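This report describes the packing of helices in one protein chain, together with its nonpolar cores and selected loop residues.

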Amino acid sequence: MDKVISLLIGLVIGLAVGAVVVYLFYKMGFSKEMENINEAKKKSEKDSAASLATAQKEGESLKRDLLLQAKEEIHKAKVELEKDVRERQSELARERNRIDQKESNLDKKTELVSRQQEALDSHERRVKAKEARVDELEAQKLTQLEEISGLNVEEAKALVLESAEKTYRRDLGVLFSQVEEELKNDAESRARDVVVTTIQRYASEYVAENTVSVVNLPTDEMKGRIIGREGRNIRAFETATGVDMIIDDTPEAVILSCFNPVRREIARLALERLVQDGRIHPSSIEAAVAKAEKEVDQTIRREGERAVLESGVLGVPNEIVNLLGQMRYRTSYGQNALQHSLEVCDLSGMMAAELGLDVQLAKRAGLLHDIGKSCDFEFEGSHIELGIEIAKKHKEDDVVINAIQSHHGEVEPNSPISVLVAAADALSAARPGARRENLETYVKRIQALEDLANSFEGIEKCYAIQAGRELRVIVKPDEISDQELDLKAFEICQKIEEELSYPGQIKVNMIRETRGSGVAR
């Protein structure tokens with residue numbers, strides 16, 4: 001045990017001695033390394049100082065060179081600036097001299113004008129004095145004439161005008177007939193200009209649309225089924241179609257009312273199927289309306305394609321084809337809008353061919369002139385505004401857009417084709433049977449036409465015939481001569497155009513008859 005302790009003590013002492021020895025050797029090596037580092041540091045500082053001194057010398061030299069160069073540049077710029085200033089001063093001096101000369105000339109002219117104005121004022125005062133003297137003498141003359149004739153100025157003027165009119169009216173009628181005959185003889189050489197510039201008289205648009213459809217019922221008992229328990233069927237039908245259903249005392253009939261003709265047609269087809277089937281309840285109503293919508297959409301597409309094919313117009317966009325198809329259900333004044341557009345298309349094309357114009361462009365303008373009517377029940381604005389918007393959206397030709405704008409006189413036509421479309425529109429609307437109007441409006445229009453003709457002097461009787469498209473006027477033969485008939489017809493036409501609104505054209509026929517009789521005894 002003592003040996004082990006002694007061994008451990010010896011081992012501890014040995015370790016301590018070894019550690020001291022190692023520490024002494026390490027310290028000696030570290031001191032040498034520190035000396036080497038210090039020497040290297042001193043050497044680096046000496047080198048840095050030398051490099052810094054060299055850089056400072058080079059910088060000072062470069063600084064002197066840059067300063068010299070900058071001074072030279074400044075001197076050059078100063079010289080150029082002084083030169084420019086001298087030139088500008090010289091130019092300003094010249095301009096000042098010109099201005100002074102102009103001011104001098106202006107002063108001279110002003111003085112001259114002032115003298116002329118004074119002379120003019122003096123002359124004007126003399127003229128006014130003479131005019132006053134003339135007016136005074138004229139008044140004295142009129143007073144003397146009134147005293148001699150026993151008539152005042154207005155009565156004398158009316159008497160002279162009446163006498164002159166009676167004296168020269170026959171000559172005016174003869175002159176009017178001669179001018180008209182000359183124009184007729186010259187018509188062949190000026191046909192194109194005459195047709196283009198004189199067929200612009202066309203009808204104003206009448207608003208009398210069909211807004212109701214009537215669905216016939218097999219019996220009046222069907223009305224109860226259509227109404228349903230507590231009105232649930234009729235409410236479901238109106239909600240699904242957007243159409244008002246009117247059930248009144250009309251026997252075996254139901255009225256559908258809506259400004260949208262497409263919706264009204266869908267409602268009509270759906271109601272007819274429901275009546276035919278007999279089973280009417282909300283679910284069957286929804287199914288019938290959905291089926292009717294599909295059928296109407298197919299019809300619209302088919303009618304649009306048919307219209308494009310019949311017209312021969314090429315390159316019509318699909319959207320416009322659908323809009324044309326919707327016009328099948330649109331009426332204007334009782335006339336179908338799609339059929340009217342096709343008629344205008346054909347008429348415009350024929351007239352364009354006669355005049356040597358672009359037939360395809362004329363037909364396109366005629367076909368699309370009322371395209372706005374396909375959606376004027378859905379959007380705000382007139383059919384002209386909507387048509388222009390549609391045409392611009394699809395980048396139609398400017399001639400087509402102008403034809404849409406001008407066919408009702410909204411703007412002036414800027415091409416012969418626009419004039420032709422307006423004329424074709426009037427012809428299609430004015431042909432017999434094309435449009436219809438209610439009896440009250442018709443009677444008022446006919447009466448106004450006859451009253452207007454009767455307001456002229458020398459008219460014995462007048463009759464509006466052919467639905468107001470022709471006016472036959474019988475004159476008093478002792479008051480109106482044969483030579484005055486054409487002039488009187490022209491005056492009546494002018495007054496009709498100024499005061500009345502009417503569809504198409506009105507032809508005025510003047511009739512004068514002189515009879516003689518005798519008795520043999």
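Lys395 sits in the loop between α11 and α12. The model under discussion is a predicted one. The phi angle of Lys395 is near 55 degrees, a positive value in a residue other than glycine. Lys395 is exposed, with a relative accessible area of 75%. A second loop residue, Glu230, lies between α4 (221-227) and α5. Phi of Glu230 is near 55 degrees, again positive in a residue that is not glycine. Glu230 counts as exposed because its relative accessibility is 72% and the cut-off for exposure is over 50%.

**Overall composition**

The protein chain contains 15 helices and eight strands. Of its 521 residues, 31% count as buried. Among contacts between residues at least 6 apart in sequence, 63% join residues at least 24 apart.

**Helix pairs**

Two packed helices are described by the angle between their axes and the distance between the axes. Three pairs are set out below.

| Helix pair | Axis distance | Crossing angle |
|---|---|---|
| α5 (residues 232-241) and α7 (residues 282-311) | within 9 Å | roughly 25 degrees |
| α7 and α8 | within 7 Å | roughly 105 degrees |
| α10 and α12 | 9 Å | about 40 degrees |

The axes of α5 and α7 cross at roughly 25 degrees. This angle makes α5 roughly parallel to α7, because angles under 35 degrees are classed in that way. The crossing of α5 past α7 is right-handed. On the α5 side, the contact is made by Arg232, Asn233, Ala236, Phe237, Ala240 and Thr241, and on the α7 side by Pro282, Ile285 and Val289. By class, six of the residues in the contact of α5 with α7 are nonpolar, two are polar and one is charged.

For α7 and α8, the axes cross at roughly 105 degrees. The angle makes α7 roughly perpendicular to α8, because that class covers 65 to 115 degrees. Here α7 contributes Ile300, Arg301, Glu303, Gly304, Glu305 and Val308, which meet Asn318, Val321, Asn322, Leu324, Gly325 and Gln326 of α8. The contact of α7 with α8 comprises four nonpolar, five polar and three charged residues.

The helices α10 and α12 pack at an angle of about 40 degrees. This arrangement makes α10 oblique to α12. As with the handedness given for α5 and α7, α10 passes α12 in a right-handed crossing. Leu361, Arg364, Ala365 and Leu368 of α10 make the contact with Val399, Val400, Ala403 and Ile404 of α12. Seven nonpolar residues and one charged residue form the contact of α10 with α12, with no polar residue.

**Nonpolar cores**

How many residues make up the largest nonpolar core, and which of them touch the most other members? This core has 39 residues, and those touching the most other members are Ile320, Leu324, Leu367, Ile371 and Ile417. At least two residues of this core come from each of α7, α8 (318-326), α9 (337-355), α10 (359-368), α11 (383-393), α12 (398-406) and α13 (416-430). The largest share, eight residues, is supplied by α9. Ile320 touches Leu368, Ile371, Ile390, His394 and Glu396, leaving aside residues up to four places away in sequence. Apart from the largest core lies another, of 28 residues, which includes Val215, Val275, Val289 and Ala292. Within that second core, Val289 is one of the named members, and Val289 also belongs to the α7 side of the contact with α5.

**Burial in α8 and a site in α7**

Which residues of α8 are buried? They are Ile320, Val321, Leu323, Leu324, Gly325 and Gln326. The buried residues of α8 pack against α6 (261-277), α7, α9, α10 and α11. Two of the buried residues, Ile320 and Leu324, are also among the residues of the largest core that touch the most other members.

Helix α7 also holds Glu293. Is Glu293 buried, partly exposed or exposed? Glu293 is partly exposed, with a relative accessible area of 34%. The C-alpha atom of Glu293 is separated by 9.1 Å from that of Val262, a residue 31 positions away along the chain.

Key. Residues numbered from 1 in each chain as written. Predicted model: local features only at pLDDT ≥ 70, side-chain atom pairs only at ≥ 80, totals over all residues. Heavy atoms only, no water. Axes fitted to C-alpha atoms, helices over the stretch in contact; angles between N-to-C directions. Helix = DSSP H or I, 4+ residues; strand = E, 2+ residues; numbered from the N terminus. Parallel < 35°, antiparallel > 145°, perpendicular 65-115°, else oblique. Left-handed = near helix turned anticlockwise from the far one by under 90°. Contact = heavy atoms within 4.5 Å. Nonpolar A, V, L, I, M, F, W, Y, C, P; charged D, E, K, R; others polar. Core = buried A, V, L, I, M, F, W, Y, C linked by side-chain atoms within 4.5 Å. Buried < 20%, exposed > 50% of the residue type's maximum accessible area, 1.4 Å probe, protein only.
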